[in-house]
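Reader: I'd like to learn how to read charged contacts in a model. Could you walk me through some?

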Amino acid sequence: MSNKEIAEKILELVGGNENIQSVTHCATRLRIIINDKDKIDMKGVEAIDKVKGSFFNSGQYQVILGTGLVNKVYDEFVPMLNGSGKKATEASNESQKVTFQKAIRVFGDVFVPIIPVLVATGLFMGLRGLFTQEALLGLVGLTPDDIPQQLLMFTQILTDTAFAFLPALVAWSTFRIFGGTPILGIVLGLMLVSPVLPNAYEVGQQAAEPLTFFGFIKVVGYQGSVLPAFVTGILGSKIEIFLRKKIPDSLDLILTPFLTLLSGLILALFIIGPIFHEVEVGVLYAVEFLLNLPLGIGGLIYGSFGQLLGIFGVHHILNFLEISMLGKDGWNYLNPIGTCGNIAQAGAVLAVAIKTVSPKMKQIAFPSALSAALGITEPAVFGVTLRLVKPFVMSMIGGGVGGFLASIFHLRATGMALTGIPGTLLYLNEQLPLYILVNVVAFAVSFGLTWTFGYKKDQGL
């Protein structure tokens with residue numbers, strides 16, 4: 001089937017235009033907010049060519065298509081909605097009761113478009129490590145002093161730019177999701193990292209002093225910060241929408257951008273920034289406290305139970321935490337532990353694929369195991385382990401053991417959004433052997449437990 005035919009079939013089987021409120025997508029799933037769940041033919045959707053599974057969660061029907069394909073199907077799907085403009089900006093419908101899961105979903109919609117840039121930045125950081133690791137350079141008869149400074153400066157542009165202007169990316173995406181003008185979001189975000197303001201990193205290193213307004217409000221730049229830009233983007237977009245309704249058309253072009261940026265900046269620098277920056281720091285400290293618990297306890301907990309976040313649809317909150325960690329000191333402490341859970345899924349599903357006598361199970365499980373090993377676990381979780389229950393429990397145990405070791409070894413990544421086999425690119429330094437070790441252990445534990453206790457060869461879906 002072509003991408004258009006897949007989109008047409010999905011639209012038909014979810015009940016048509018009248019049953020759809022809005023549609024968006026994440027890295028692997030088409031996410032459709034539905035009016036009436038009973039009108040969905042889930043079995044029919046899951047039988048569509050290239051559809052890897054589907055599930056319904058909190059008013060949102062999610063169709064698993066996989067990376068790359070989901071973007072193409074989404075582009076075909078949106079124009080079929082009778083030109084009604086039902087896009088991601090409607091993901092948070094004001095007429096609906098706001099729930100925690102819906103709030104997290106909107107949060108995810110904001111950060112999904114930013115992730116590819118951060119993935120690329122993480123790869124650049126990993127590759128830059130090749131130019132600075134004496135052991136690796138020694139294999140070709142070089143030392144770090146042999147690397148031209150101009151080349152290192154060039155790589156620094158690749159690795160530092162995205163995080164230097166991260167608030168601009170966050171504010172742009174937030175304006176876009178909440179119905180504001182994205183270019184205003186970009187400018188407002190850039191104001192948060194204006195060179196006029198003391199650099200946040202320099203203030204943190206006590207190389208610069210914050211500006212003091214009204215005798216007690218300390219103002220700095222927000223390089224690497226996420227939450228202040230996110231909240232500023234929400235309020236800024238709401239202010240713009242309000243102004244466009246009140247200001248006459250003849251003055252709209254002049255006054256609306258002016259007042260939006262002015263009021264947004266005042267709120268950001270004097271209220272939102274100081275408050276939510278401290279909230280962000282507090283959340284980061286709490287997560288880092290968990291990960292730094294003695295004897296690898298934090299890694300054991302997160303490695304075991306982190307996989308549940310994706311099932312409950314709240315895994316996008318991790319994007320905020322990982323971005324904040326990278327913005328703070330350039331290291332991601334969640335990635336090495338979380339990737340053990342993905343690899344454990346691959347181990348559990350491969351055990352099922354090899355042991356089963358069902359041709360249908362083999363057809364689903366083998367490609368799902370490969371997908372999980374590459375960092376995409378939805379087919380494995382929703383297509384195999386969660387349906388069978390026990391293999392999912394075994395994957396949690398395997399992920400916990402791997403996470404425990406990752407914590408003991410103090411593993412940390414140079415980027416985000418890459419796990420499993422592609423994730424090795426984030427550990428191109430002295431950590432790589434340990435990264436491989438913890439994932440092999442997670443895989444082996446999950447595979448062994450599933451093979452021995454978690455699955456009977458004649459068990460069906």
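**Reading the salt bridges**

Author: Sure, let's start with one pair: Arg244 and Asp252 form a salt bridge, with their closest N and O atoms 2.6 Å apart. Keep in mind that this is a predicted model.

Reader: What counts as a salt bridge here?

Author: The general idea is a side-chain nitrogen of Lys or Arg within 4 Å of a carboxyl oxygen of Asp or Glu. Arg244 also bridges to Glu240, at 3.0 Å between the closest N and O atoms. Through shared partners, Glu240, Arg244 and Asp252 join into one network.

Reader: Where do Glu240 and Arg244 sit relative to each other?

Author: They are four residues apart in helix 11 (residues 227-246), so about one helical turn separates them.

Reader: And which of the three are buried or partly exposed?

Author: Buried means under 20% relative accessible area. Glu240, at 2%, is buried, and so is Asp252 at 18%. Arg244 has 33% and counts as partly exposed.

Reader: How many salt bridges does the structure hold?

Author: Four. Another one pairs the side chains of Glu46 and Arg387, at 3.4 Å from N to O. Glu46 belongs to helix 2 (residues 42-46) and Arg387 to helix 18 (residues 378-388), so this pair ties together parts 341 residues apart in sequence. Glu46 is partly exposed at 25%, and Arg387 is partly exposed at 37%.

Reader: What about charges without a bridge, which residues make up the negative patch?

Author: On the surface, Glu5, Glu8, Asp75 and Glu76 gather in a patch of negative charge. Helix 1 (3-13) and helix 3 (69-77) each supply at least two of the patch residues. Glu76, in helix 3, is partly exposed at 30% relative accessibility.

Definitions and conventions:
Residues are numbered from 1 along each chain as its sequence is written. This is a predicted model: local features need pLDDT of at least 70, side-chain atom pairs count only at pLDDT 80 or more; totals for chains, interfaces and linings use all residues. Side-chain values use heavy atoms; hydrogens and water are left out. Patches are made of residues with over 30% relative accessible area and no salt bridge: like charges are joined within 9 Å, nonpolar side chains (Val, Leu, Ile, Met, Phe, Trp, Tyr) within 5 Å. Accessible areas come from the Shrake-Rupley method with a 1.4 Å probe; for residues, only the protein chains shown count as cover. Lys and Arg count as positive and Asp and Glu as negative; His and the chain ends are not counted. The place of a charge is taken as NZ of Lys, CZ of Arg, CG of Asp or CD of Glu. Buried means under 20% relative accessible area, exposed over 50%, partly exposed in between (1.4 Å probe, protein chains only).
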